[in-house]
Amino acid sequence: MEDRPINPSLNSPVTHSSPEDRSPVLEIIGGHRLSGEVRISGAKNSALVLMAGSLLCSQDCRIRNVPSLADVARMGEVLSALGVKITRKDDALEIDARHLSQSKAPYELVSQLRASFFIIGPLLARLGIARIPLPGGCAIGARPVDLHVRGLQAMGADVQIEHGTVHACIPGVNRRLKGARIYLDYPSVGATETLMMAATLADGETILENAAQEPEVVDLANFCRAMGARIRGAGTNTIVISGVPSLHSVDYAVIPDRVEVGTFLVAGAITQSELSLAPVVPDHLTAVIAKLRAIGSEVVQETPSRLRIVPGTSRLGTDIETLPYPGFPTDMQAQFMALLTLSEGDSIITETVFENRMGHVAELNRMGADIRTKGNHAVIRGVPFLTGAPVVATDLRASAALVLAGLAARGTTIIQGLHHLDRGYDDLEGKLKLLGAQIRRVKGDAGAESVSSLPVMPRS
Ligand code: EPZ
């Protein structure tokens, strides 16, 4: 494949969805068993922050095992806008940030990708100044950045928010952040990553307390250490970073995507199919595997990096509460809700991480599920079957839940709002097709026709 600069417009589909929207839709004919092996891609939530971390380095970096996603393309555009040279070759990104020149990130890009706000840490540490538009809220919550800002202020940065932009600069001549002891009111993944990156080039030691422990935080710490950073304790709630004057080039591979793994494990359970998945880091999925076993599926570790899901004879209800890692991941909540709609008995899901992450409930109920919500609780009463229907995805993980429900449903499901799916899943429908799923992406019009021709499934 020839070297080519990143151009997201090639990757990212249109951005709105409503009944008269004619964007591509997914058409799924459900009720088919799946079988075979899935190749898992690199982790979106690691690749994005490693790309931000490459700004710390005044030499070139290679990041491998990078998934092909709209969000990755968008982050590439943000880096290019700052004067970074970035090219993609197969699943590797060649990033050269030595010519980093801009300290201001364009609003039209940051507003489309919240994770791009995390560049504020490395940009400030590298240039002594950073001006990043506030990312604003999204479908799942207000998503404030107060913990990021307060942490940078604790390291000596002067941070003002004016006209929707965060202006951060380091006063004084040497324009270097100072090590500090920072207690995070909430173990925010993004704030931990932003502050850890900023601290790598700071003067002195920084201690992050009540830090996030997610595997993506550990992957970022390992990436920075491979560039010469001095970081201890990543993966625990206390991270210690001893600042160094500069970092050097690196060649690093992103960890497998634990949320993609979890999504395919649920695909096996919801279609009662046996599937193998690799590469996987099983330890990253402890909470997910525990819940699958509670529901009645068996998850077998075939090798250190391969898992197999073996469906049980029954699917039992269970209660789930989302929590920061190592608790049950909020990014798997919607997928498990789809699975629990077909369980025997009742289940309660409590979403504690984001205040508005139940957008999939109404769409699952359109498919015949029986879900009632109250605040951040959802009560799911298991039903014997789901029926295909036209549905609209409201956010990334909601779109995955609708695909899973469509695979299990009787009849045809048409999913609109695929721009959500394309943000975070690397060719999901291609991988499902290889497993025997009846799934295809069709023009909106074709989708509309097939919706109107859908037979209405009488409830037995
Ligand atoms: C990361 O988002 C992930 N995104 C999210 O994945 C994931 O859901 C989330 O962590 C939790 O695991 C990326 O890594 C790019 P947080 P992040 O800061 O860092 C509040 C997906 O589906 N908060 O841990 O933005 C916040 O409002 C996405 O792949 C503050 O109050 O999450 C939320 O309620 C969705 N102030 C909670 O903390 C702050 O300054 C957790 O947010 C920061 C966060």
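**Reading a ligand site between two domains**

User: Where does the ligand lie in this model?

Analyst: Start with which domains supply its neighbours. Domain 1 (4-41 + 256-452) and domain 2 (44-253) both give residues to the shell around the ligand, so the ligand lies between them. Keep in mind that this is a predicted model.

User: How many residues surround the ligand, and which are the closest?

Analyst: A residue belongs to the shell if one of its heavy atoms lies within 4 Å of the ligand. Here 23 residues surround the ligand. Asp146, Ser188, Asp331, Val353 and Arg397 are the closest. By type, the shell divides into eleven nonpolar, five polar and seven charged residues.

User: Which side chains have an N or O atom paired with an oxygen atom of the ligand?

Analyst: Look for N or O pairs within 3.5 Å. The side chain of Asp331 has an N or O atom 2.6 Å from a ligand oxygen. For Arg397, the distance from a side-chain N or O atom to a ligand oxygen is 2.7 Å. For Lys44, the corresponding distance is 3.0 Å.

User: How much of the ligand does the protein cover?

Analyst: Compare the ligand on its own with the ligand in place. On its own, the ligand has 820 Å² of accessible area, and the protein covers 88% of that.

User: Which elements give two or more residues to the shell?

Analyst: Map the shell onto secondary structure. The elements are helix H2 (44-53), helix H6 (146-154), helix H7 (189-200) and helix H13 (396-408). H6 gives the most, with three residues.

User: How do I read the interface between domain 1 and domain 2?

Analyst: Take separation, contacts and buried area in turn. The centres of the two domains, taken over C-alpha atoms, are 30 Å apart. Contacts link 29 residues of domain 1 with 27 residues of domain 2. About 2500 Å² is buried between the domains, and carbon and sulfur atoms give 54% of that area.

User: Where are the cis peptide bonds that involve Pro279 and Pro326?

Analyst: Check omega, then place the proline. Ala278 and Pro279 are joined by a cis peptide bond with omega about -10°. Pro279 sits in the loop between strand S15 (275-278) and helix H10 (286-295). Another cis bond joins Tyr325 and Pro326, with omega about 10°. Pro326 is in the loop between strand S18 (320-321) and helix H11 (333-340).

User: What is the phi of Asn65?

Analyst: Read the sign and the residue type together. Asn65 is a residue other than glycine, yet its phi is positive, near 60°. Asn65 lies in the loop between strand S4 (60-64) and helix H3 (70-81).

Methods. Residues numbered from 1 in each chain as written. Predicted model: local features only at pLDDT ≥ 70, side-chain atom pairs only at ≥ 80, totals over all residues. Heavy atoms only, no water. Polar contact = N/O pair within 3.5 Å; in protein donor to acceptor, adjacent residues only side chain to side chain. Areas by Shrake-Rupley, 256 points an atom, 1.4 Å probe, with all protein chains shown as cover. Helix = DSSP H or I, 4+ residues; strand = E, 2+ residues; numbered from the N terminus. Nonpolar A, V, L, I, M, F, W, Y, C, P; charged D, E, K, R; others polar. Domains from an automatic or database assignment. Contact = heavy atoms within 4.5 Å. Buried area = accessible area lost by both parts, 1.4 Å probe.
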